[in-house]
Each structure stands twice: as structure tokens, then as C-alpha cells.
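User: I would like to go through this protein and ask what stands behind each label. Please set the values against the definitions.

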Amino acid sequence: MNIDIELAEGLKTPLYWYDLSLLEATLSEIKRCVAGKPVKVHYAVKANCNPKVMEVIASAGLGADCVSGREITAAIKAGFEPSSICYAGVGKTDRELIGGMKAGIAYFNVESLEELEVLNELAGEYGYQARVCLRVNPNIDAHTHHYITTGLEENKFGIHLSMLDRAIDYTLQSPHLTLEGLHFHIGSQITTMEPFAFLCRKVNGLIDQYEAKGVEFKIINVGGGLGIDYEDPDGHPIPDFQGYFDTLLTNLKLRPGQELHCELGRAIVGQCGSLVSKVTYVKKGVDRQFIILDAGMNDLMRPALYGAHHKIENLTAPEGEEIETYDVVGPICESSDTFGKGERLPKTRRGDLIALRSAGAYGESMASTYNIRTLPESVVR
Ligand code: LLP
């Protein structure tokens with residue numbers, strides 16, 4: 001990941017810095033892995049909705065996975081084809097469903113029987129045929145943080161397996177709905193392939209079961225979730241897409257004509273972004289010292305919200321500077337506004353630039369104005 005330090009020093013911080021060449025290399029690797037395969041990759045817009053970042057991803061030919069009406073609008077504006085947009089979410093409002101239909105999106109990932117009824121009714125009113133993938137809750141533990149595990153039975157997401165028959169019958173019988181396929185998503189920041197392989201085996205069982213009843217699925221959407229290396233971003237700047245797609249394609253028994261869709265967010269944008277921040281103070285405590293940044297939990301919420309750790313680097317300390325131990329914190333009035341404890345960093349001074357690495361996914365998109373702060377700036381270079 002490249003950051004032009006001279007340029008960054010002259011800009012207002014905190015600042016999201018996106019390395020365009022790494023983003024492009026990541027997208028090329030994805031395209032290489034899926035070339036000639038019946039695979040469609042949708043970019044999960046929620047991970048990063050910076051317009052320039054989205055434009056680069058759209059021009060690489062990916063589809064978009066959206067979770068709100070405004071994400072659909074932003075995706076179309078960034079250049080994603082409406083016919084390559086899928087739309088998930090447990091609480092799509094009438095307005096959002098109508099917006100999706102008017103935009104002509106590829107399909108709705110429908111999460112409940114209740115939503116099916118509303119979509120059928122609205123599609124009828126608008127003289128529209130709504131394409132539907134049913135989001136199934138496969139009850140799989142993705143072994144990740146419990147806030148971002150979504151495939152377990154106790155989560156609010158998807159249709160319970162025991163209700164899938166009814167949902168399929170309803171869709172097939174509804175005059176304004178077309179059943180396109182099944183959708184799954186088991187969680188995020190998944191760093192081994194086993195959960196994906198396990199999901200594929202569950203999906204195979206469902207395909208067999210419904211095929212026997214004469215039900216065909218054109219699309220199998222396995223969602224997103226491929227993780228990134230937060231501790232060694234330079235060692236693994238591009239995630240193991242080859243291993244991921246191999247796992248999916250070898251474990252899934254796709255039928256002729258069936259398409260595999262996925263919805264990757266973090267794996268596409270995570271490593272190309274850093275939050276660049278300036279040191280406001282280095283505060284000496286009794287038995288510790290604090291680096292107080294001008295970036296806070298409002299700019300990068302993941303450490304406070306999930307206990308996540310982003311690698312911290314001093315971008316401007318001279319080579320060979322002695323290493324000291326610091327707690328790295330933000331200026332917000334909450335103890336959870338901490339980016340790292342006991343961090344070993346070169347001797348740091350007021351005015352130094354600090355990078356919080358691997359912040360391209362769920363960084364800028366989750367930023368808030370808490371404490372009436374301004375939203376962070378961004379640069380794509
Ligand atoms: N598809 C669906 C239905 C999803 O709910 C998500 C993420 C994705 C795809 C993309 O997952 P990814 O490939 O990025 O793992 N804010 C949290 C992550 C929340 C993920 C929510 N759903 C974080 O910062 O770790």
C-alpha cells in the first residue's frame with residue numbers, strides 16, 4: 001500500500017487514503033480467478049461507498065450488492081449496471097422495494113415470507129415482475145465475531161430452513177414474482193475456507209432436495225465474508241481469492257446453466273485503505289504514555305465496536321528511531337476510543353503522521369459525526 005507522505009502532510013487529517021493501484025491489482029486478481037467460470041462477483045457496497053472507489057470497482061465490471069435504497073442510487077451513479085445489482089436486507093421499506101423495481105435491479109434477496117407478500121403486492125401495483133432469490137438462514141457458525149456472524153439460527157437474517165418450502169411455493173405461485181435462486185451469507189472476516197466449504201455442502205443438499213421436487217435455481221448466491229490479514233497487510237495485500245473460488249467451485253455441485261454469485265466487500269477494499277491521522281499530543285502518564293490522534297472512534301469505529309485491531313504505523317518517524325511503548329487513542333470522550341494498547345512504535349512526536357492500516361472496508365462507510373466532528377476526508381491515488 002502506497003501513501004504519498006509529502007502530499008498527505010499537506011492535507012487535512014484525519015483522512016482516508018486509498019491506494020488505487022492496490023485496488024486495481026485486487027480487482028484484476030478476482031477477474032483472473034473467475035475468468036471463464038459461471039461466476040458473478042457483486043461488490044458489497046456497504047464496505048465502502050466512497051464514490052471514486054465505487055467507480056473503479058464498477059468499471060472493472062463487477063456487480064453490486066446493496067442493502068438500502070440509497071446504496072442502489074449510489075451504485076447506479078458510480079456506474080454499476082442496474083441489471084447487475086442485487087438487493088438484500090431484512091427491513092426493505094415499500095419505498096425501497098419500489099425504488100429497486102423502478103431501477104430495474106437484477107434481483108431482490110428476500111428475507112422473509114412477509115417481505116415476499118409485500119413485494120408481490122407492490123410488483124402487482126406497478127405491473128412489474130420481481131426477480132427473487134430467497135435468503136436462507138443455513139444455521140452455520142462462521143467462527144467470527146458474534147456481531148458479524150449472520151448465518152446462525154438465532155440471527156434475524158434469512159428464512160429459516162423449516163419455512164423454505166412455504167417461501168418457495170409462495171414465490172412460484174405468485175403472479176408477480178419470479179424465483180431466480182437461493183441466497184446465503186454466513187458472516188464476515190472469515191479467514192479459513194472450512195465455513196465456505198461447509199456452506200457449499202449444505203447448499204448441495206438443498207439443490208438436490210428441491211431438484212427432486214422439480215424446483216430449479218438459476219442463481220446460487222453464497223454472499224460474502226472472505227477475510228483479510230489485519231496484522232500483516234503488506235505480507236498479504238491481496239486475499240486468497242484463488243483458494244476462495246476454488247473452494248466454492250469444487251465443493252458446490254453446480255448444475256449446467258446455474259450461476260454462482262458472491263458478494264464480497266472487505267476482501268475487495270479492505271487493504272487498499274488506511275486512515276491517516278496526525279498526532280495531536282504525546283501525553284506522558286505515570287506508567288504509560290499515550291499517542292493522542294486527531295482521528296477518533298467516529299472516524300474508524302471497528303476497534304471500539306468489535307475490539308478490532310488495525311496495524312498502526314508511524315509514517316514520518318526517522319529511520320532507526322528507538323522503539324517505545326504507547327497506547328494509541330483518539331480525542332473522543334469514551335474509553336473505548338482506543339486504537340491500540342502497548343503498541344511498539346518508533347519514538348513519536350506531536351505532528352507525526354500515523355496510519356491505521358487495512359481500513360478500506362467498514363471504515364469510511366461507518367464513520368459518524370459523534371461529538372459534532374466532521375466526517376473524515378478522503379483521497380484516492
Ligand atoms: N452480503 C451480505 C448479505 C452481508 O450482510 C455482508 C456483510 C456482505 C455480503 C459483505 O461481507 P464481507 O465480504 O464484507 O465480509 N461492519 C463489520 C462487518 C459487517 C458485515 C455486514 N454484512 C466490520 O467492520 O467488521
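**Cores, ligand and loops**

Analyst: The largest nonpolar core has 101 residues, and those with the most contacts inside it are Leu134, Phe245 and Ile268. Helix H8 (residues 194-211) gives the largest share of this core, 7 residues. This is a predicted model, in which local features need pLDDT of at least 70, side-chain atom pairs count only at pLDDT 80 or more, and totals for chains, interfaces and linings use all residues. Residues are numbered from 1 along each chain as its sequence is written, and side-chain values use heavy atoms, with hydrogens and water left out.

User: What makes a set of residues a nonpolar core?

Analyst: A nonpolar core is a set of buried Ala, Val, Leu, Ile, Met, Phe, Trp, Tyr and Cys residues joined through side-chain atoms within 4.5 Å. Buried means under 20% relative accessible area, exposed means over 50%, and partly exposed lies in between (1.4 Å probe, protein chains only). A second, separate core of 9 residues includes Trp17, Val276, Leu353 and Val379.

User: Which residues does Leu134 touch, not counting residues up to four places away in sequence?

Analyst: Contact means heavy atoms within 4.5 Å. Among the residues that Leu134 touches are Val110, Leu116, Ile159, Leu164 and His183.

User: Why is Asn48 called buried or exposed?

Analyst: Asn48 has a relative accessible area of 1%, so Asn48 is buried. Asn48 is found in the loop between E2 and H3. Leaving aside neighbours within four places in sequence, the residues in contact with Asn48 include Tyr18, Tyr43, Val53 and Met54.

User: What does the side chain of Asn48 reach?

Analyst: The side chain of Asn48 reaches the backbone nitrogen of Asn50 at 2.8 Å. A polar contact is a pair of N or O atoms within 3.5 Å; within protein, one must be able to donate a hydrogen and the other to accept it, and residues adjacent in sequence count only if both atoms are side-chain atoms. At the start of H3, a side-chain oxygen of Asn50 comes to within 3.0 Å of the backbone nitrogen of Lys52.

User: Which residues of helix H3 are buried?

Analyst: In H3 (residues 51-59), they are Val53, Met54, Val56, Ile57 and Ala58. The elements they pack against include strand E1 (15-18), helix H2 (20-34) and strand E2 (39-44). Helices (H or I, at least four residues) and strands (E, at least two) are DSSP runs, numbered from the N terminus. Just after H3, Gly61 takes a positive phi of about 90°.

User: How do you know whether Gly63 is buried or exposed?

Analyst: The relative accessible area of Gly63 is 0%, and therefore Gly63 is buried. Gly63 sits in strand E3 (residues 63-66). The C-alpha atoms of Gly63 and Ser84 are 21 residues apart along the chain and are separated by 4.6 Å.

User: Why is Ile372 called buried or exposed?

Analyst: Ile372 counts as exposed because its relative accessibility is 84%. Ile372 lies in the loop between strand E16 (353-356) and E17. Asn371 lies in the loop between E16 and E17. Asn371 has a relative accessible area of 36%, so Asn371 is partly exposed.

User: What is the phi of Asn371, and what is that of Ile372?

Analyst: Phi of Asn371 is near 70°, a positive value in a residue other than glycine. Ile372 has a positive phi of about 50° although it is not a glycine. Most residues other than glycine have a negative phi, and most peptide bonds are trans. The peptide bond from Thr13 to Pro14 is cis, with omega near -5°.

User: How many residues surround the ligand, and which are the closest?

Analyst: The ligand is surrounded by 18 residues, and the closest are Ser188, Glu263, Arg302, Tyr306 and Tyr362. A residue is near a molecule if one of its heavy atoms lies within 4 Å of it. The shell divides into 6 nonpolar, 6 polar and 6 charged residues. Ala, Val, Leu, Ile, Met, Phe, Trp, Tyr, Cys and Pro count as nonpolar, Asp, Glu, Lys and Arg as charged, and the others, Gly among them, as polar.

User: How far is the side chain of Tyr362 from the ligand?

Analyst: An N or O atom in the side chain of Tyr362 is 2.6 Å from an oxygen atom of the ligand. A backbone N or O atom of Gly265 lies 2.9 Å from an oxygen atom of the ligand.
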